[in-house]
Amino acid sequence: MRMKLPIVAVGALALTAAAPAMAHHAFGGEFDSTRPVLLKGPIVKVEWVNPHTWIHMEVKKPDGGTEVWMIEGGSPNSLLRQGITKNSLPIGTEIVVDGYQARDHTLKRANGRNITYPDGRKLFFGSSGTGAPRDGADPTEKEPGR
Amino acid sequence: MRRRLLLVTILVGGLALAALSPAPIAGQGQAYSPPRLADGQPDLQGTYDLATLTPLERPNGMNAVLSREEVAKLEGAVAAVVALGARPSSGERAAPPKGGDGSRGAAGNVGGYNSFWLDPGSTFTMVNGEARTSIVVDPSDGRLPPLTPAARQRLGALLARPSAENDPGLDPTPGAYDDPERRPLGERCLLGFGSAAGPPALPNYFYNNLRKIVQTPDRIVILNEMVHDVRVIRMNAQHLPSHIRKWAGDSVGRWEGDTLVVDTTNFNADQIRYVVAVAPGRTLMMVESIGAEEQDRLSGPGKDLHVIERFTRVGEKALLYRFTIEDPGTWERPWTGEFTWPATDQPIYEYACHEANYALENILRGARQRDAEATKR
Amino acid sequence: MSHLAAKVASTLVAVAAGAMLALIAVPVVGQAPASVPRLATGRPDLNGVWQALNEANFDIQMHAARPAMALRAGPHGQVPVASVLALGAVGAVPPGVGVVEGDALPYLPDALKTKRENQANWLTRDPEIKCYLPGVPRATYMPYPFQIVHSESSLLIAYEYAGAVRDVFMKDPGPAPVDSWMGQSVGRWDGDTLVVDVTGFNDQTWFDRSGNFHSDALHVVERYTRTSRDVIAYEATIEDPKVFTRSWKMSMALYRRQESNAQLMDFKCVEFVEELMFGQWRKNPLSR
C-alpha cells in the first residue's frame, strides 16, 4: 500500500480545512462570492455566542464617516478550552478582515475568512488538530458514501 | 472479603501495568477491571472528547490499521498543516478574489473562516492497541454497505448535490432555501451537525466533540455539547409507543456483564441519515429532515432506524464505544463502527444555538435577494 | 451499692440516656428525615423527575388575575391586544400568591422603568416567546418537568423546556470565561442541603412573563433540600447590584412526578417558532 501523505498547499487547503459543516453549502448560501471585502478598524463589540462568534468592527466609509460591520467567526467553545475569555478581545483592538459580504447586501455582514491583527498575525492560535484532507493528490480517489 | 481481594488485585495489577504504559490497558493480555459504583456496575462517568483523525469510512488504499511509523508520519503531517494555518498573513493583503476563492465544501467558495476556531482532533483512534483508519469495522472493508434502491431514489436529490470536488458554494437543489424547514437540522439549531447528538455519537471533524456521562442505577445520561442535548437512557425499561417520536430517538439500556448496551428506536420519521464527503477521504454522517411532502410520499424513512450502542470502560481514561446501525430502508444490511472515547479534563461549555442564530436569517435573506435579482433579469 | 442508690443511679442513667436520646432526636437544621433516600455517599438522593406547582412563570409576585399578558386600554379597563385576542381565556393570566419572600422586588429606579417597558412590550421582549433558554431560576418554575440526575460524583439538571441543561460542577473551576444563558453552576453540600452558586449569566433572560429581568451581574444562590420522598424545598437568593438595591429571595416546593413512566419528552420548541422568527423570509410567506 502506497502511503499517502497530505499535500501541503497553503491558502486553499488551510481554508478548506477551516470550514465547518453546519451543513454543507451553509457559507455559500450566506455570503456572496462576487462581493469580496477588506475591512480594517477597531473592534466595538464581541458576541461570544454559538453557533458563530460575531465580531463587530467600525470601518471608515469611502465618503467619510464610519459604519459598523458584523464579522462571522466560528464557535467560541474550542477557544474557551484554550483559555480565551470574553476579555481576550478588548474593545478598540485593531483588526484586519478579508472575506465576502452577506448575500443580502442591505446587511453589513461578512464572513471572517481571515481575521488578523494589522501586522498579519492571526487573531488566535487554535488547537493542534486540523481538518486537512487526508490526501488531495489522488484524482482517482473515489468519494465514499455515494 | 472477596471484593477487597478483587480491589487489591486491581490495584496491584493496575500499578504494574501503569509502569509499562499509560495507555488503556485492554488488549494487553490482562483483563481490565473497572472501578464500580455502589450498585456494582462499572463506572462509565466522565467527560470525553471524541475528536479524532480517524474518518468514518476507510480512505482508498489504506489498511485497516496503521503502523506506528505511519501514525507518526500522518499525525506529524497534519500537525504541520495546522502550523501552516497559524502562520501570519500579510497585514497589507488585498481583499480575496471576486468570484470566490475556490474553497470547496462548506467553505462555500468564500473561504469559511480561520482554522483557529477548529478543534478537529490530532490523533488516530486506538482500539485494542491498533491505530484505526476507519470507524466502520463491519463491513470489513471499512465502508458503509450499499444503499437500498429506495434510499437511492429518496436521497437522489441530496446525492446529486455537488460534491466537495466541484462545489460552487450554493446548493442547486430546487427549493433548498425556500423555507427554514428546508435547511439542515444543524443550520436550524435543532440538532448538532453531523451526528453530534446521535445516536450514534460520531466525531464531526470540526469542534465541540465533547460528551459527558452521568450514571445512576436507573438513569444514565449523556450530555452532548452540541446542541446542549441530553440523552436520557432509561435502564431496564420498555420503549415508548411507536407513535411517540423523538429527535434523538428513545433510548433504553441494560447491562451485559461490564458493558452498557443501549437500544434506540422511535426516531423522528422525517429524519434521514446519509453519509457525505466533506473532504477527500473524509466522510461525515449527516442527519437531516426531509420536507413534509416527501415524508408522506416516502413514509418516513427514519421510522425504522434502530441503533444499538455498547459502552465499555477499557482503561482509567478511556471507554470503548461500539455501535450497530439497522436501517433497512436506507442500507442493505446493518453496519457497525467502533472507536475509543478518551477522557478529557476540559469542561463542556454552553452551546446555545437558536438564541443567536443570525446565520439562518442571513441565509434566508440572501436567498430572497437572489430571487429578487433573478426576477429582475 | 445499696438498693436505693442503685435505683437512683439507674434513674439518673435513664434520665441522662433520655436526655441524650432527646438531643439526638432533635433534628439538626437541614437534616432530612428518614423517608429521604440517600446515595452511598450518605448525601440525600436528589434523583427524580420534579416540577414546580405554582404560577410564578406568569408573575413571581402575588398578583390578581388579569385579561392577558399583553394589554391595551379598553373603554372600561384593560383588554387583550389584538394579536392575542383570539386566545380568549387561554391567554388570560391566572392569579398567584407569589414566590418572593416579602413580595417586594427592590428595583433601582431606572431598572423599574425598564421592567415597565418590558411589560409594555412583552410580545417582542420576553425571551420565552422565542423559546430561548430560560435562565436560572426561571427554568426551575417553568410549568414543565425537569430531571435531576445525581450520582456520587456528578449532578446534572435536564429541563424539558427548550432542552435546557445545567451541569453542576462539584469543584469550582473559577470564573466563567464567557457569559451564558444558563450560567455556570457550582455545587456544594451544606449538611443535607445542596447549595448551587450560579454566576456568568448574560443579561438576556427574565424571571417571569411580567418583565422582571436582570443584568449580566446576576448572582443566584440556590438551595435544594429534599424534605420527604416527594418534595424538595427550593430557595433562590437573587443578587444583582445593577438592577436591585439589595438581594432578595424566592422559595417554593418542587414536587416529584408520581407517574410510573414519568420522563422528559421532547419540547425543544425551536421548530415551533420558525414561522414566527423566519416566516417573513420564506420564498412564499404566509399571511401574518
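Mentor: Domain bounds here come from an automatic or database domain assignment. This is a predicted model, in which local features need pLDDT of at least 70, side-chain atom pairs count only at pLDDT 80 or more, and totals for chains, interfaces and linings use all residues. Residues are numbered from 1 along each chain as its sequence is written, while chains are lettered from A and ligands numbered from 1 in the order in which they are written.

Trainee: How far apart are the centres of domain 1 and domain 2 of chain C?

Mentor: Domain 1 of chain C covers 48–61 + 97–281, and domain 2 covers 63–96. Their centres are taken over C-alpha atoms. The separation is 25 Å.

Trainee: How many residues of each domain of chain C are in contact with the other?

Mentor: Two residues are in contact if their C-beta atoms, placed from the backbone, lie within 7 Å. On the domain 1 side of chain C, the touching residues divide into 5 nonpolar, 3 polar and 3 charged. Here Ala, Val, Leu, Ile, Met, Phe, Trp, Tyr, Cys and Pro count as nonpolar, Asp, Glu, Lys and Arg as charged, and the others, Gly among them, as polar. The counts are 11 residues of domain 1 and 8 residues of domain 2.

Trainee: Over which residues at the start of chain B is the pLDDT below 50?

Mentor: pLDDT is the predictor's confidence in each residue, from 0 to 100. Chain B has a mean of 84, with 83% of its residues at 70 or more. Where pLDDT is low, the coordinates should not be read in detail. The stretch below 50 has 19 contacts beyond near neighbours in sequence, and it is residues 1–28.

Trainee: Which strands of chain B stand at the edges of the 2-4-3 sheet?

Mentor: Strands (E, at least two residues) and helices (H or I, at least four) are DSSP runs, numbered from the N terminus. Two strands pair if DSSP finds at least two bridges between them. The open sheet of 3 strands in chain B has antiparallel pairing. Each edge strand has a single partner, so one side of each lacks a neighbour in the sheet: strand 2 (65–66) and strand 3 (126–127).

Trainee: Which residue stands opposite Met126(B)?

Mentor: Strand 3 and strand 4 (residues 130–132) of chain B pair in the antiparallel sense over 2 bridges. The residue opposite lies in strand 4 of chain B and is Ala131(B).

Trainee: How many residues of strand 5 of chain C are buried?

Mentor: A residue is buried if 20 or more other C-beta atoms lie within 10 Å of its own, exposed if 12 or fewer, and partly exposed in between, with C-beta atoms placed from the backbone. One side of strand 5 of chain C carries Leu155(C), Ile157(C) and Tyr159(C), the other Leu156(C) and Ala158(C). In strand 5 (residues 155–159), the count is 5 of 5.

Trainee: What is the bridge partner of Leu155(C) in strand 6 of chain C?

Mentor: Strand 5 of chain C joins strand 6 (residues 165–168) through 4 antiparallel bridges. Their hairpin has 5 residues between the strands, and Ala162(C) takes a positive phi near 60° there. The partner of Leu155(C) is Val168(C).

Trainee: Which strand gives the largest share of the largest nonpolar core?

Mentor: A nonpolar core is a set of buried Ala, Val, Leu, Ile, Met, Phe, Trp, Tyr and Cys residues joined through C-beta atoms within 7 Å. Of the 162 residues in the largest one, those touching the most other members include Ala110(A), Leu319(B) and Leu156(C). The largest share is 6 residues, from strand 14 (residues 318–326) of chain B.
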